[in-house]
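Here is a friendly walk through one protein chain, written for someone who likes cut-offs stated next to the values. Please keep the viewer open as you read.

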Amino acid sequence: MADFELARQTVIAAEPSRILALIDDLHQWQQWSPWEDLDPDLERVYSGADRGPGARYDWKGNRKAGQGAMEITASTADRVELRLEFEKPWKATNQAIFELRPVDGGTEVTWRMTGQRTRMMTMLGKLMDKLIGKDFEKGLARLKAAAES
């Protein structure tokens with residue numbers, strides 16, 4: 001299995017602290033996560049810290065939403081790291097990183113995911129990058145709308 005990395009970025013007209021508050025608190029993901037509308041009956045369980053390292057979110061949903069968990073493993077003023085554990089529709093463990101960098105006009109936000117390419121991802125090849133990339137783009141657009149409102 002080969003390593004993979006997927007990243008998308010956007011500029012948000014907001015201070016890094018405003019954006020960080022939407023990423024670092026997993027309860028806020030309902031406002032902007034691209035996967036929140038895949039299942040109207042999605043089961044969510046929050047545990048651990050309220051925000052930052054130790055904050056955990058488990059989900060279980062329909063075939064589109066799947067099942068898994070994520071936990072914030074590190075958080076600073078300009079970076080949030082998460083461990084993602086997918087159970088369904090296939091098993092995988094990945095890392096997600098959000099990087100915030102002040103730029104003219106606001107904050108550049110990069111959303112990156114890294115991990116080992118599973119057998120399913122290898123079979124789907126570049127299609128997987130396009131599909132997940134579209135989800136990241138949708139999520140960043142929603143994050144932008146939430147942070148700029």
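The report below goes from the whole chain to the sheet, and then to two glutamates.

**Ground rules**

This is a predicted model, in which local features need pLDDT of at least 70 and side-chain atom pairs count only at pLDDT 80 or more, while totals for chains, interfaces and linings use all residues. Residues are numbered from 1 along each chain as its sequence is written, and side-chain values use heavy atoms, with hydrogens and water left out.

**The chain as a whole**

Three helices and seven strands make up the secondary structure of the chain; these are DSSP runs, with helices being H or I of at least four residues and strands E of at least two, numbered from the N terminus. Along the sequence they appear in the pattern β-α-β-β-β-β-β-β-α-α. The chain's radius of gyration is 15 Å, close to the 15 Å that the globule rule gives for 149 residues, so the chain is as compact as a globular protein of that length. Here the radius is taken over C-alpha atoms, and the rule is 2.2 Å times the number of residues to the power 0.38. Taken along the principal axes, the C-alpha atoms fill a box of roughly 40 × 30 × 25 Å.

Of the 149 residues, 38% are buried, where buried means under 20% relative accessible area, exposed means over 50%, and partly exposed lies in between (1.4 Å probe, protein chains only). The accessible surface of the chain is about 8,300 Å², and 51% of this belongs to carbon and sulfur atoms; the areas come from the Shrake-Rupley method with a 1.4 Å probe, and for residues only the protein chains shown count as cover. Contacts (heavy atoms within 4.5 Å) can also be sorted by sequence distance: among those with a separation of 6 or more, 50% join residues 24 or more positions apart.

**The sheet and its helix**

In what order do the seven strands line up in the sheet? The open sheet reads β1-β7-β6-β5-β4-β3-β2, with antiparallel pairing. At its edges are β1 (3-12) and β2 (43-48), each pairing on one side only. Neighbouring strands are turned by 20 degrees against each other on average, direction ignored. Helix α1 (residues 16-24) packs on this sheet and touches β1, β4 (67-76), β5 (79-88), β6 (92-103) and β7, with its direction at about 165 degrees to that of β6. Axes are lines fitted to C-alpha atoms, for helices over the stretch in contact, and angles run from 0 to 180 degrees between N-to-C directions.

Strands count as paired if DSSP finds at least two bridges between them. Four of the pairings are set out here, each with an example of bridge partners.

| Strand pair | Bridges | Example partners |
|---|---|---|
| β1 and β7 | ten | glutamine 9 and threonine 110 |
| β6 and β7 | ten | leucine 100 and valine 109 |
| β4 and β5 | nine | glutamate 71 and arginine 83 |
| β5 and β6 | eight | leucine 82 and alanine 96 |

Valine 109 of β7 is also the bridge partner of threonine 10. As for the turns, β4 and β5 form a hairpin with two residues between them, and β5 and β6 form one with three residues between them. The hairpin of β6 and β7 has two residues between its strands, and glycine 105 in that turn has a positive phi of about 90 degrees.

**Two glutamates to look at**

Is glutamate 81 buried or exposed? Glutamate 81 lies in strand β5 and, because its relative accessibility is 19%, counts as buried. Its side chain makes a polar contact of 3.1 Å with the side chain of glutamine 95. A polar contact is a pair of N or O atoms within 3.5 Å; within protein, one must be able to donate a hydrogen and the other to accept it, and residues adjacent in sequence count only if both atoms are side-chain atoms. Apart from neighbours within four places in sequence, glutamate 81 is in contact with Glu71, Ile72, Thr73, Ala74, Gln95, Ala96 and Ile97.

Glutamate 36 sits in the loop between α1 and β2. With 11% relative accessibility, glutamate 36 counts as buried. Which side chain does the glutamate 36 side chain meet in a polar contact? The partner is the side chain of arginine 44, at 2.4 Å. Beyond neighbours within four places in sequence, glutamate 36 is in contact with Trp29, Gln30, Leu42, Arg44 and Tyr57.
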